[in-house]
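Biologist: Could you walk me through this one step by step, please? I am new to reading structures, so short answers would help.

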Amino acid sequence: MNLYALNDPKPNTEIFQTLHQHGRLKIEAIRSHLTQPGEVYDQNEDEWVILLRGNAGLKIKDTMVHLQAGECVFLPKHTPHQVLSTSDDALWLAVFSS
């Protein structure tokens, strides 16, 4: 599988694809194209995510964060977070563990 060949999402959508899952570990590729804020997440697992391509605006708790390609963030479980917007080519790699 080539991460850079994943389908392009329609505007204001995200495409999630599980690349690997074993026990309490899950690795996921995410393609985003959000011009409006997405869902607010409050997950039962830790998440480490890196933006491989594009840029994105996030709200983590009450803090606004802007990510560019190559930047990453760690979100401990039950940390409210929301993707506010992304470029049309945003590609993420997320690692979840519980």
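Modeller: Happy to! Keep in mind that this is a predicted model. Let us begin with two paired strands: strand 5 and strand 8 run antiparallel and are joined by five bridges.

Biologist: In that pairing, which residue of strand 8 is the bridge partner of Ala56?

Modeller: Strand 5 covers residues 55-60, and strand 8 covers 81-86. The partner of Ala56 lies in strand 8, and its name is Thr86.

Biologist: Which strands stand at the edges of the sheet with the order 3-8-5-6?

Modeller: This sheet is open and has four strands, with antiparallel pairing. An edge strand here pairs on one side only. That description fits strand 3 and strand 6 (63-68).

Biologist: Strand 3 is at an edge, so to speak; what is the bridge partner of its neighbour in the pairing, Tyr41?

Modeller: Strand 3 (residues 40-41) pairs with strand 8 over two bridges, in the antiparallel sense. One bridge takes Val40 to Gln82. For Tyr41, the partner in strand 8 is His81.

Biologist: What is the strand order in the open sheet of five strands?

Modeller: Strands of a sheet pair through backbone hydrogen bonds, either parallel or antiparallel. In the five-stranded sheet the pairing is antiparallel, and the order is 1-2-9-4-7.

Biologist: Why is one side of strand 1 and of strand 7 left without a neighbour in that sheet?

Modeller: Neighbouring strands in this sheet are turned by 20° against each other on average, direction ignored. Strand 1 and strand 7 (72-75) stand at the edges of the sheet. One side of each has no neighbour there because each has a single partner strand.

Biologist: Which residue of strand 7 is the bridge partner of Trp48?

Modeller: Strand 4 (residues 46-53) and strand 7 run antiparallel, joined by four bridges. The partner of Trp48 sits in strand 7, on the uncovered face that Cys72 and Phe74 make up. The covered face of strand 7 has Val73 and Leu75, and the partner of Trp48 is Phe74.

Biologist: Which strand gives the largest share of the largest nonpolar core?

Modeller: In soluble globular proteins, nonpolar side chains tend to be buried together. Here the largest core has 15 residues, and Leu51, Leu58, Leu67, Val73 and Trp92 touch the most other members. Strand 4, strand 5, strand 7 and strand 9 (90-97) each supply at least two of its residues. The largest share, four residues, comes from strand 9.

Biologist: How many salt bridges are there?

Modeller: Asp8 and Arg31 meet through their side chains in one, at 2.6 Å from N to O. Lys26 and Glu28 form another, with their closest N and O atoms 3.6 Å apart. By the rule used here, the count comes to two.

Biologist: In the pair of Asp8 and Arg31, is Arg31 buried or exposed?

Modeller: The pair links distant parts of the chain, with Asp8 in the segment before strand 1 (13-22) and Arg31 in strand 2 (residues 25-33), 23 residues apart. Asp8 has a relative accessible area of 60%, so Asp8 is exposed. Buried means under 20%. Arg31 is at 1% relative accessibility, so Arg31 counts as buried.

Biologist: And is Glu28 buried or exposed?

Modeller: Its salt-bridge partner, Lys26, has a relative accessible area of 23% and is partly exposed. Glu28 has a relative accessibility of 8%, and a residue under 20% is called buried. Therefore Glu28 counts as buried.

Biologist: What is the volume of the largest pocket?

Modeller: Among the 14 residues that line this pocket, Ile30, Tyr41, Glu47, His81 and Val83 are the closest to its centre. Strand 1, strand 2, strand 4, strand 8 and strand 9 each supply at least two lining residues. The volume of the pocket is about 190 Å³.

Biologist: One last question: how far apart in space are Leu19 and Met1?

Modeller: Leu19 lies in strand 1 and counts as partly exposed, at 31% relative accessibility. In sequence, Leu19 and Met1 are 18 residues apart. In space, C-alpha to C-alpha, the separation is 8.8 Å.

Methods: Residues numbered from 1 in each chain as written. Predicted model: local features only at pLDDT ≥ 70, side-chain atom pairs only at ≥ 80, totals over all residues. Heavy atoms only, no water. Salt bridge = Lys/Arg side-chain N within 4 Å of Asp/Glu carboxyl O. Buried < 20%, exposed > 50% of the residue type's maximum accessible area, 1.4 Å probe, protein only. Pairing = 2+ DSSP bridges. Axes fitted to C-alpha atoms, helices over the stretch in contact; angles between N-to-C directions. Core = buried A, V, L, I, M, F, W, Y, C linked by side-chain atoms within 4.5 Å. 1 Å grid on protein atoms, 1.4 Å probe; cavity = no way out; pocket = protein on both sides within 12 Å on 5 of 7 lines; lining within 4 Å. Points joined across faces, edges and corners; volume = space filled by probe spheres on them.
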